[in-house]
Amino acid sequence: MNQEMLARIKTGTGFIAALDQSGGSTPTALQRYGIPESAYIDEAGMFDGGDRILAAILFEQTMERQVEDLGTAEYLWRRKGIVPFLKVDQGLEDEEDGVRRMKQIRDLDGLLERAVGHGVFGTKMRSVIKQASPDGIKSI
């Protein structure tokens, strides 16, 4: 485990961003974090997180790409000080017992092995609780 990344996650401030966030929805997301549209001039400035971004969630395809001759995860950490996470869930099942569970993750071991090779710190996955259903919540 990268101890520097762990320390940044434990003690750093900022928010976790989805790297593939679309430009159309980003202003609203930033406003929810207290960053008004007047804080940046253009789209490039909007995506320049500076010290506000603690970590970024990468999609598998993004993890496999290069930025300035470095893998995306390595670039984020070395050049920007942003801790890279990988989205590993592959969508949600239909609602049952008040929850939507993750779909089965295909080849999780292989995906995690590639992520470690790229310098990814951790993973992001999700299920959704729609109702206060003890059986559904327990199943998650």
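Strands are DSSP runs of E spanning at least two residues, numbered from the N terminus. The model described here is predicted.

The sheet is open and has four strands. Their order is 1-2-5-7, and the pairing is parallel. Strand 1 (15–18) and strand 7 (122–124) occupy the edges. Each has a single partner strand, so one side of each is left without a neighbour in the sheet. From one strand to the next, the twist averages 35°.

Strand 5 comprises residues 83–87. Three bridges join strand 5 to strand 7 in the parallel sense. One residue pair can be named at this junction: Phe 85 has Gly 122 of strand 7 as its bridge partner.

Phe 85 also takes part in an aromatic contact. The count of aromatic pairs comes to one. That pair is formed by Phe 85 and Phe 121. The ring centres are 5.6 Å apart, and the planes meet at 75°. An angle over 60 degrees counts as edge-to-face, and the pair is classed accordingly as edge-to-face. Phe 85 lies in strand 5, whereas Phe 121 belongs to the loop between helix 6 (108–118) and strand 7. The pair therefore ties together parts that are 36 residues apart in sequence.

The two rings' residues were also assigned by accessibility. Phe 85 has a relative accessibility of 13% and so counts as buried, the cut-off for this class being under 20%. Phe 121 stands at 22% relative accessibility and therefore counts as partly exposed.

Backbone geometry was examined next. Most residues other than glycine have a negative phi. Asp 69 has a positive value, with phi near 65°. This residue sits in the loop between strand 3 (66–67) and strand 4 (70–71). Its relative accessibility is 75%, so Asp 69 counts as exposed; the class begins over 50%.

Asp 97 likewise is not a glycine and has a positive phi, about 55°. Asp 97 is located in the loop between strand 5 and strand 6 (99–100). With a relative accessibility of 42%, Asp 97 counts as partly exposed.

Strand 5 thus recurs in several of these features. Strand 5 pairs with strand 7, holds Phe 85 of the aromatic pair, and borders the loop that contains Asp 97.

Note on methods
Residues are numbered from 1 along each chain as its sequence is written. This is a predicted model: local features need pLDDT of at least 70, side-chain atom pairs count only at pLDDT 80 or more; totals for chains, interfaces and linings use all residues. Side-chain values use heavy atoms; hydrogens and water are left out. Two strands pair if DSSP finds at least two bridges between them. Axes are lines fitted to C-alpha atoms, for helices over the stretch in contact, and angles run from 0 to 180 degrees between N-to-C directions. Rings of Phe, Tyr and Trp (its six-membered ring) pair if their centres lie within 6.5 Å; planes under 30 degrees apart count as stacked, over 60 as edge-to-face and the rest as tilted. Buried means under 20% relative accessible area, exposed over 50%, partly exposed in between (1.4 Å probe, protein chains only).
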